[in-house]
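Thanks for making time for this. I would like to walk through one chain, beginning with a term that I shall need throughout and then going from the overall picture to single residues.

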Amino acid sequence: MTQRIATPSKTKEIIEANGFYFKKNFGQNFLIDSNILENIVESGEITKQDCVLEIGPGIGSLTQILSERAKKVIAVEIDSHLIPILQQTLEHCHNVEIRNEDILKTDINSIIEKENNGKPIKVVANLPYYITTPILMDLLENHRKVETITVMVQKEVAQRMQAQAGQKEYGALSVAVQYYCHANMNMIVQPSCFMPKPKVASAVITLRLRKEPVFEKIDEALFFHVVKCAFGQRRKTLLNSLYNQGGLGLTKQELTEAMKAVGLKEMVRGEALTLEQFGALTNQIAKIKQEASMD
Ligand code: SAM
């Protein structure tokens, strides 16, 4: 086994030798515990068949382990100061391609086409926390060909992603993530495992993209519109949120009937609805809208 980059002394040595300074605005908190990194790679179930997209390789600590387990690793790093360091630390990792790009501007579909013949890739990352949601929603909403996403995120974001109806962390992010994936939090990671230490605890979560859509038939835009209304004003009833903010073109009476038809009480709040209930309500609203347009 080659010497691990992810130890406090090795990380410090690389950083000092290259005159590198951490940039807060890029969310640079490097992992210095290689057991955690091994666990991330285990959680991602990376094998020699896999093409992996790593977001934000930093100085290459996770990349090094991914390179040993995967067929190919594409590592996208925004900070140009890290590129010469990565070329050095990963010089023996011949299956790693380093790209100096902003992940939010990277053509991920073309990576999937060119590097994996259009077959689903796996995403693994210790994410820059300031753009966790845009990165994940880009992968999910655009239906990128991805099998699993295993990422380190803020602990409370991981809790929100896997929360169920009725739990205090449950919100629009929970519904959005669970609409596309099965979410499973693998471990909690303390600030002392990073250099520099972040202010918050972190967690590793694996999102397994659903092989079949959760609903056989659904108007996706309407579904997410209903979800957004439901959580937009958490203290209001779902009926009032949909009627006042929904802009759905339905009367209060029609909305009450739509809710009743799927077994929802008039006074229910949005946060009490399960994913399935959001789906059933969306389909019922779509049906009423369609009937109204045919009158
Ligand atoms: N993977 C390394 C590790 O585990 O030690 C570093 C993780 S650090 C939390 C996040 C990394 O993402 C940094 O290297 C940062 O420069 C990079 N980054 C930040 N914004 C990015 C973006 N928009 N696109 C690509 N990389 C980005």
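When I say helix or strand here, I mean a DSSP run, of at least four residues for a helix (H or I) and at least two for a strand (E), with the numbering taken from the N terminus. With that in hand, Asn117 can be placed in the loop that runs between helix H5, residues 108-116, and strand E5, residues 121-126. Please keep in mind that what we are looking at is a predicted model.

Let me step back to the whole chain before returning to that loop. The secondary structure comes to 12 helices and 9 strands, and the C-alpha trace spans about 70 × 40 × 30 Å along its principal axes. Of the 295 residues in the chain, 50% are buried. If we take the contacts with a separation of 6 or more, 66% of them are accounted for by residues 24 or more positions apart. The chain exposes about 14,600 Å², and carbon and sulfur atoms supply 49% of that area. As for charge, there are 35 positive and 34 negative charges, and their mean positions are 4 Å apart.

The chain is divided into domain 1, residues 8-209, and domain 2, residues 220-294. Taken over C-alpha atoms, the centres of domain 1 and domain 2 are separated by 36 Å, and the contact takes 12 residues from domain 1 and 12 residues from domain 2.

Now to the interior. Which residues touch the most other members of the largest nonpolar core? That core has 63 residues, and the ones in question are Leu53, Ile149, Phe278, Leu281 and Ile285. Helix H9, residues 220-232, gives the most to this core, with 7 residues. Why do we say that this core lies between the two domains? The reason is that domain 1 and domain 2 both give residues to it.

Leu281 deserves a closer look, since it is one of the residues just named. Leaving aside its neighbours within four places in sequence, Leu281 is in contact with Val226, Leu238, Leu242, Ala258, Met259, Val262, Leu264 and Leu273. Apart from this core lies another, of 26 residues, which includes Val52, Val73, Leu86 and Phe194.

I turn next to the backbone. Most residues other than glycine have a negative phi, and most peptide bonds are trans. Against that background, three places in this model are worth marking. Asn117, in the loop that I mentioned at the start, has a phi near 50°, a positive value in a residue other than glycine. Is Asn117 buried or exposed? With a relative accessible area of 65%, Asn117 is exposed, because the cut-off for that class is over 50%.

The second place is His143, which is not a glycine either and yet has a positive phi of about 50°. His143 sits in the loop between helix H6, residues 132-141, and strand E6, residues 146-154, so to speak just after H6. Helix H6 itself has Thr132, Ile135, Leu136, Met137, Leu139 and Leu140 as its buried residues.

The third is a cis peptide bond, which joins Met195 and Pro196 with omega at about -15°. Pro196 lies in the loop between strand E8, residues 194-195, and strand E9, residues 202-209.

Finally, I would like to compare notes on three single residues. Arg99 lies in strand E4, residues 96-100, and, with a relative accessible area of 18%, Arg99 is buried, because the cut-off is under 20%. Beyond its neighbours within four places in sequence, Arg99 is in contact with Ile74, Ala75, Val76, Glu77, Ile111 and Glu115.

Leu173 lies in helix H8, residues 172-180, and is buried too, with a relative accessible area of 14%. Leaving aside neighbours within four places in sequence, the contacts of Leu173 are Thr133, Met137, Val157, Arg160 and Met161, and among these Met137 is one of the buried residues of H6. Tyr130 is 43 residues from Leu173 along the chain, and 15 Å separate their C-alpha atoms.

Thr7, in the segment before helix H1, residues 8-17, counts as partly exposed at 25% relative accessibility. The C-alpha atoms of Thr7 and Asn95, which are 88 residues apart along the chain, are separated by 23 Å.

Conventions
Residues are numbered from 1 along each chain as its sequence is written. This is a predicted model: local features need pLDDT of at least 70, side-chain atom pairs count only at pLDDT 80 or more; totals for chains, interfaces and linings use all residues. Side-chain values use heavy atoms; hydrogens and water are left out. A nonpolar core is a set of buried Ala, Val, Leu, Ile, Met, Phe, Trp, Tyr and Cys residues joined through side-chain atoms within 4.5 Å. Buried means under 20% relative accessible area, exposed over 50%, partly exposed in between (1.4 Å probe, protein chains only). Domain bounds come from an automatic or database domain assignment. Contact means heavy atoms within 4.5 Å. Accessible areas come from the Shrake-Rupley method with a 1.4 Å probe; for residues, only the protein chains shown count as cover. Lys and Arg count as positive and Asp and Glu as negative; His and the chain ends are not counted. The place of a charge is taken as NZ of Lys, CZ of Arg, CG of Asp or CD of Glu.
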